[in-house]
Amino acid sequence: MEALVCVEPGSLRVERRPVPRPRPGEVLVRPRRIGVCGTDYHIFEGKHPFVEYPRIMGHELAVEVVEAPTGTGVEVGRFFAVNPYLSCGSCIACRRGKPNCCVAISVLGVHQDGGMSELLAVPAANLISVDGLTLDQAATVEFLAIGAHAVRRGAVTPLDRVLVVGAGPIGLGVALFANLSGAAVAIIDRESERADYTASLVGGTAFTTDDLPHLGSFTGGDGFDVVFDATGSSRAMEQGFDHVAHGGRYVLVSVVRESISFMDPDFHRKELTLLGSRNATAEDFDRVVAAIRDGSAPADRLVTHRTDLERAVFDIPRWASEKSGLIKAMVTIG
Ligand SMILES: [Zn+2]
Ligand SMILES: [Zn+2]
């Protein structure tokens, strides 16, 4: 089979690889759509902390089952999305129903080879039913599930006024599910175009970072009940504390490789609740599928760029350096 391999940082190549052999409990699938994500660009650029090269990237998957051993209960020919977070099932997080932060987590396309290839073996338990969704829609489920999970962590209610800092694909997913939870949503980004576009897609009011006085008036000076950071910037993460209301919650969705700090008197004065949000669970995936199915998540409008395995060798490096107008690029196979 052919696979798109990130040989080392900055180098992509289509290679012939042996067909993977499913282990017990696994099925063989043909990836049909693979969403390209910030993580993939980071792997390509050599900025990802957990990756060893060479690596087949791709964790935002819509797949077709081609081989399913009896006992897996999966029908050949059916389409699924994939939960790419492979967990151990026995660590403290798994025992507490939080496989998304498993001690020994292995993410397809990051810690082990992923879906930018003609065939892939995945645990049957990680297949997500997507009946009624198109392949494109199914391939958006994973990145939207990150947002759904963050909103569940933040326990957003219709009474809340929510601020999403960072209007990229992850911020978009957060804003979408905050909005679907009934909250009033403000979205802020350095680039007004990106903030406007995200707000128009998912519902919400757009602000730019030059616009802070107006942002304050959104809550009548109260501050926000829940603030989500989706910037990938330690400076923005530190500044986000200032936007949280007294008694409010601050959810850090994006990850940086450095320390962040805050003033303890401010933190205590407000009695803030600080939450990390990592990956997503089956419950979040199901929530996203339901939202796409009933039309409340505009999954079709998120796919802005397309490529295939061969052309991705040139397209991914290009998109890594100039993301303007890009929300979600999709690799198509077959
Ligand atoms: Zn992703
Ligand atoms: Zn575990």
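This briefing covers the nonpolar cores, the zinc site and the surroundings of Arg33. The model is predicted, with local features requiring pLDDT of at least 70 and side-chain atom pairs pLDDT 80 or more, while totals for chains, interfaces and linings use all residues. Side-chain values rest on heavy atoms, without hydrogens and water, and residues are numbered from 1 along each chain as its sequence is written.

**Nonpolar cores**
- The largest nonpolar core (buried Ala, Val, Leu, Ile, Met, Phe, Trp, Tyr and Cys residues joined through side-chain atoms within 4.5 Å) has 95 residues.
- Helix H3 (residues 135-153) gives the most to this core, 11 residues; helices are DSSP runs of H or I of at least four residues, and strands are runs of E of at least two.
- Domain 1 (2-145 + 280-332) and domain 2 (155-276) both supply residues, so this core lies between them; the bounds come from an automatic or database domain assignment.
- Another core, of 16 residues, lies apart from it and includes Val244 and Leu252.

**Zinc site**
- Cys37 (SG), His59 (NE2) and Glu60 (OE) coordinate the zinc ion (ligand 1) at 2.1 to 2.3 Å; donors are N, O and S atoms within 2.8 Å of the metal (3.2 Å for Na, K and Ca), and water is not among the atoms, so sites may look incomplete.
- Cys37 lies in the loop between strand S3 (26-36) and helix H1 (38-45), and Glu60 in strand S5 (residues 60-67).
- Both Cys37 and Glu60 are buried, that is, under 20% relative accessible area with a 1.4 Å probe, protein chains only.

**Arg33**
- Arg33, in strand S3, is buried at a relative accessible area of 14%.
- Contacts of Arg33 (heavy atoms within 4.5 Å) beyond four places in sequence include Glu60, Arg306 and Ile333.

How values were computed: Chains lettered and ligands numbered in written order. Buried < 20%, exposed > 50% of the residue type's maximum accessible area, 1.4 Å probe, protein only.
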